[in-house]
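The following exercises concern the reading of a protein model. Each task is followed by a solution in steps.

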Amino acid sequence: MNGLRDFYEPRRRGGKIVLVVTLATALLAIAVVATGCGSAKAKGVHGTSIAYVKSLHSKHTLQQGVVSMILLKPNLTFVVGVDNSGDYLEHNVKVTLLIKQKPQPIRKSLTIGQIRSGAKRDVVFKGFNVTEVVNMIPIKVSVAPVSGETNLVNNSATYEVRFTF
């Protein structure tokens with residue numbers, strides 16, 4: 001073989017073009033690298049999680065297992081911090097906040113357009129008409145799973161609150 005010349009001027013033997021072994025080997029090597037031999041899977045995970053839930057007026061971060069007192073004001077606002085705990089850019093992440101008051105629960109949902117890997121986004125829920133005071137009321141926050149997400153443990157949380165005047 002004459003090195004690179006074989007790529008440009010294939011040798012003929014008996015009227016047939018002889019495939020250059022180096023060219024075939026090179027193409028095979030490129031295909032193996034490009035496909036990863038089929039044994040390597042894509043690394044990385046998809047995932048979102050609840051980072052925190054705050055009552056904006058009381059500047060109080062809610063904690064699971066602890067009853068929080070929240071002063072009831074006209075523009076009651078909650079902020080939910082959503083963390084992209086995965087390795088990919090995520091799109092259309094739905095966040096829901098449910099105040100389980102009686103007789104009529106309040107449910108609000110908002111969508112985050114996109115959130116980068118490792119980033120945190122605040123979702124602001126406003127305009128609640130809470131009618132039940134003094135009693136302990138559960139507030140459930142949930143982040144809908146994104147496509148490919150397998151760890152769903154950190155996608156929802158329930159907090160106990162008491163609204164006061």
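**Exercise 1. Confidence**

What pLDDT does the protein average, and what percentage of the residues score at least 70?

Solution. pLDDT is the predictor's confidence in each residue, from 0 to 100. The protein averages a pLDDT of 83, and 75% of the residues score at least 70. Over residues 37-41 pLDDT stays under 50; for this stretch the model has one contact (heavy atoms within 4.5 Å) beyond four places in sequence. Where pLDDT is low, the predicted coordinates should not be read in detail.

The model is predicted, and local features need pLDDT of at least 70, side-chain atom pairs pLDDT 80 or more, while totals for chains, interfaces and linings use all residues. Residues are numbered from 1 along each chain as its sequence is written, and side-chain values use heavy atoms, with hydrogens and water left out.

**Exercise 2. The five-stranded sheet**

State the strand order of the open sheet of five strands, and identify its edge strands.

Solution. Strands are DSSP runs of E with at least two residues, numbered from the N terminus, and two strands pair if DSSP finds at least two bridges between them.

Step 1. The order is 5-11-10-7-8, and the pairing is mixed. The edges are strand 5 (67-71) and strand 8 (106-115), each of which pairs on one side only. Neighbouring strands of this sheet are turned by 30° against each other on average, direction ignored. The axes behind this angle are lines fitted to C-alpha atoms, for helices over the stretch in contact, and angles run from 0 to 180 degrees between N-to-C directions.

Step 2. Strand 10 (residues 136-143) is joined to strand 7 (residues 90-99) by five bridges, and these two run antiparallel. With strand 11 (residues 156-164), strand 10 forms seven bridges, also in the antiparallel sense. S142 has T96 opposite, and its bridge partner in strand 11 is S156.

Step 3. Strand 7 also pairs with strand 8, antiparallel, over nine bridges; here V95 stands opposite L110.

**Exercise 3. Two faces of strand 10**

Which residues of strand 10 form the covered face, and which the uncovered one?

Solution. In a regular strand the side chains alternate between the two faces of the sheet. In strand 10, I137, I139, V141 and V143 make up the covered face. The uncovered face consists of M136, P138, K140 and S142.

**Exercise 4. An aromatic pair**

Classify the pair formed by the rings of F78 and F128.

Solution. Rings of Phe, Tyr and Trp (its six-membered ring) pair if their centres lie within 6.5 Å; planes under 30 degrees apart count as stacked, over 60 as edge-to-face and the rest as tilted.

Step 1. The count by this rule is one aromatic pair. Because the planes of F78 and F128 stand at 75°, with ring centres 5.7 Å apart, the pair is edge-to-face.

Step 2. F78 belongs to strand 6 (residues 77-84) and F128 to the loop between strand 9 (120-126) and strand 10, so that the pair links parts of the chain 50 residues apart.

Step 3. Buried means under 20% relative accessible area, exposed over 50%, and partly exposed in between (1.4 Å probe, protein chains only). F78, at 0%, is buried, and F128, at 6%, is buried as well.

Step 4. K108 lies over the face of F128, 5.1 Å from the ring centre. A charge sits over a ring if NZ of Lys or CZ of Arg is within 6 Å of the ring centre and within 35 degrees of the ring normal. The charged end of K54 likewise sits over the ring of Y52, at 4.8 Å from its centre.

**Exercise 5. S49 and L152**

Is S49 buried or exposed? Locate L152 as well.

Solution. S49 lies in strand 3 (residues 48-55) and is buried, because its relative accessible area is 7%. Residues that S49 touches, beyond four places in sequence, include G81, V82, D83 and N154. L152 is in the loop between strand 10 and strand 11 and, at 44% relative accessibility, is partly exposed. The C-alpha atoms of S49 and L152 are separated by 8.2 Å, although the two residues are 103 apart along the chain.

**Exercise 6. Backbone details**

Where does the cis peptide bond occur that has omega near 5°?

Solution. This bond runs from K102 to P103, and P103 is in the loop between strand 7 and strand 8. In strand 7 lies N92, whose phi is near 50°, a positive value in a residue other than glycine. N92 is exposed, at 60% relative accessibility.

Key:
Helix = DSSP H or I, 4+ residues; strand = E, 2+ residues; numbered from the N terminus.
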